[in-house]
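Colleague: I'm new to reading structures, and I'd love a close look at one part of this one. Could you take me to the core and show me how the rest is arranged around that spot?

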Amino acid sequence: MCGVCGIYNNDKAAEKLYLGLFALQHRGQDNAGMAVWDGRENRIVKDRGLVFDIFKPEVLASLPGTAGIGHTRYPTAGDSSVANAQPHYADTRDGRMVIVSNGDVTNMLEQTRFLKSRGFTPYGSNDAEVIVASIACYYEECGDVAGAIARMMGAVRGSYSAILLFRGAMYVFRDPLGIRPLAMGYINGGWAFASESCAIETMGGSFQREVDPGELVAIVDGKLCSTRLERRDGCRHCVFEHIYFSRPDSVIFGESVSKVRFRLGEELAAEHPVQADFVLPVPDSSNNAALGYAGAAGLPYKLALIRSHYIGRTFIGSTQAIRDFAVKLKFNPVRAHLDGRTAAVVDDSIVRGTTSKKIMRMLRDFGAAGLHLRISSPPIKFPCYYGVDTPRQQELIASYKSPAQIKDFVGVDSLGYLSLDGLKRCLARPGDYCYACLDGDYPIAPPAVK
Ligand code: SF4
């Protein structure tokens with residue numbers, strides 16, 4: 001889970017990147033950074049913390065230039081130290097390459113071993129560093145950036161949606177299965193790129209299309225050129241971008257996130273109807289699914305759980321202690337809606353089960369007479385190796401408890417998960433997706449150790 005953005009040919013590159021990163025803050029809250037080409041070199045600023053805290057006006061003023069890249073980070077490989085924050089860089093005989101990437105490399109160990117044999121010494125433990133070091137290494141051999149990226153695609157396995165800046169030129173590319181999203185658009189005679197279309201719009205641009213899986217979009221001396229470097233049979237977009245991660249105002253993998261979530265709720269209502277007084281979303285990522293559920297079930301929709309927006313997602317918390325504390329800070333129920341009533345509670349997923357249990361306890365403490373939990377995804381039983389920090393398999397509650405046992409654990413009167421077939425019915429092109437954390441069918445071999 002990270003957010004990337006890039007801007008080319010804009011005289012306020014750093015300010016635009018700030019807006020883009022702000023719109024992508026939900027994808028990572030541990031680190032943020034940007035690099036801007038000032039005509040001579042890439043200036044990099046990165047730190048721990050939120051975009052708002054790092055990029056004060058004086059910092060933005062120290063980043064003049066017309067092309068730049070930015071990143072918000074949630075660590076899935078390497079810790080949250082500044083050494084692992086992005087952009088990452090690698091030096092070549094012709095200057096420094098800088099990169100931002102969203103995804104996880106699954107053959108980090110082998111590729112790092114190869115790079116070390118060529119004299120590269122990693123300064124961190126992040127997969128984007130391995131990607132840029134690989135490109136730099138191949139560039140030294142072939143002298144051509146596009147050729148070096150093509151060789152990297154042949155050698156590095158896993159997911160990456162990446163933007164590389166080198167000598168004022170921008171290279172935007174996506175792994176051959178297109179696991180993570182990457183959008184492109186126009187902005188004032190230049191180009192903008194971002195993990196999600198909402199960030200392009202926030203920068204003031206208009207969304208044009210997504211960078212295709214295996215495609216390289218290169219902008220050199222103001223000219224844009226697209227090449228398909230790798231072509232595979234089909235793609236494997238992360239289905240959880242639609243269920244949970246992406247913002248509902250984004251278009252991801254060709255579909256409106258908001259509309260897909262609404263359909264998930266409708267399908268869930270058809271599969272798991274319930275007798276309740278009203279439908280209650282666990283805000284914010286379940287709001288649209290709950291709306292769909294309420295519409296299909298003919299039940300009122302009530303915001304009986306209020307979320308504080310001054311704290312991040314509990315999923316984005318590094319330890320159980322932080323997550324425990326965060327749930328209390330994050331949610332507060334509305335007694336006036338709950339008192340003596342039965343709610344159909346719609347949530348997008350259950351990971352460890354501990355957050356759901358605390359929320360259900362809170363709702364009962366505020367007077368709920370009955371709670372029926374409806375989940376707009378199938379049970380998560382397997383870890384993700386492609387850029388989402390799901391816990392190890394033994395921490396995923398659905399990997400060792402049945403739905404009936406989970407119902408008892410979280411403390412509800414009934415529990416219904418959307419089926420995998422139901423999920424697929426809600427997608428325009430269900431064959432284009434990765435469902436590995438749901439069915440264990442990994443499109444790329446996982447690393448030996450998670
Ligand atoms: S394993 Fe799950 S979270 Fe990871 S890419 Fe596939 S669908 Fe997404």
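Modeller: Let's start at Val 132. Leaving out residues up to four places away in sequence, Val 132 touches His 88, Tyr 89, Ala 90, Met 97, Ile 99 and Leu 164. Keep in mind as we go that this is a predicted model.

Now widen the view. Val 132 is one of the residues with the most contacts inside the largest nonpolar core, alongside Ile 131 and Ile 135, and that core has 144 residues. Helix H5, residues 127-142, gives the most to this core, with ten residues. Both domain 1 (2-235) and domain 2 (261-427) supply residues to the core, so it lies between them. This fits a broader pattern: in soluble globular proteins, nonpolar side chains tend to be buried together.

Those two domains come from the domain assignment of the protein. Taken over C-alpha atoms, their centres are 34 Å apart. Domain 1 puts eleven residues into the contact and domain 2 puts in seven. On the domain 1 side, the residues that touch domain 2 are two nonpolar, seven polar and two charged.

A good next stop is Gly 103, in the loop between strand E6 (95-102) and helix H4 (108-117). Is Gly 103 buried or exposed? Count the C-beta neighbours inside 10 Å: there are 28, so Gly 103 counts as buried, since 20 or more is the cut-off for that label. Again leaving out residues up to four places away in sequence, Gly 103 touches Gly 158, Ser 159, Tyr 160, Ser 161, Asp 175, Ile 179, Arg 180, Tyr 386 and Gly 387. Two of these names, Ile 179 and Tyr 386, come up again among the residues around the ligand. The others around the ligand are Cys 238, Val 239, Phe 240, Cys 384, Val 388, Cys 434, Tyr 435, Ala 436 and Cys 437. By class, this shell has eleven nonpolar residues, with no polar and no charged ones.

For another enclosed piece, look at helix H10, residues 287-297. Eight of its eleven residues are buried, so H10 is largely enclosed by the rest of the structure. The buried ones are Asn 287, Asn 288, Ala 289, Ala 290, Gly 292, Tyr 293, Ala 294 and Ala 297. They pack against helix H9 (257-271) and against strands E17 (278-281), E20 (342-347) and E21 (370-375). Right after H10 comes Gly 298, with a positive phi near 70°.

For contrast, find Asn 188, in the loop between strand E9 (183-187) and strand E10 (190-194). Asn 188 has 15 C-beta neighbours inside 10 Å, so it counts as partly exposed.

Finally, step back to the whole protein. It has 17 helices and 23 strands. Its radius of gyration is 22 Å, close to the 22 Å that the globule rule gives for 450 residues, so the protein is as compact as a globular protein of that length. The C-alpha trace spans about 70 × 45 × 40 Å along its principal axes. Buried residues make up 54% of the 450. Of the contacts with a separation of 6 or more, 71% join residues 24 or more positions apart.

Methods: Residues are numbered from 1 along each chain as its sequence is written. This is a predicted model: local features need pLDDT of at least 70, side-chain atom pairs count only at pLDDT 80 or more; totals for chains, interfaces and linings use all residues. A residue is near a molecule or strand if its C-beta atom, placed from the backbone, lies within 6 Å of it. Ala, Val, Leu, Ile, Met, Phe, Trp, Tyr, Cys and Pro count as nonpolar, Asp, Glu, Lys and Arg as charged, and the others, Gly among them, as polar. A nonpolar core is a set of buried Ala, Val, Leu, Ile, Met, Phe, Trp, Tyr and Cys residues joined through C-beta atoms within 7 Å. A residue is buried if 20 or more other C-beta atoms lie within 10 Å of its own, exposed if 12 or fewer, and partly exposed in between; C-beta atoms are placed from the backbone. Helices (H or I, at least four residues) and strands (E, at least two) are DSSP runs, numbered from the N terminus. Domain bounds come from an automatic or database domain assignment. Two residues are in contact if their C-beta atoms, placed from the backbone, lie within 7 Å. The radius of gyration is taken over C-alpha atoms; the globule rule is 2.2 Å times the number of residues to the power 0.38.
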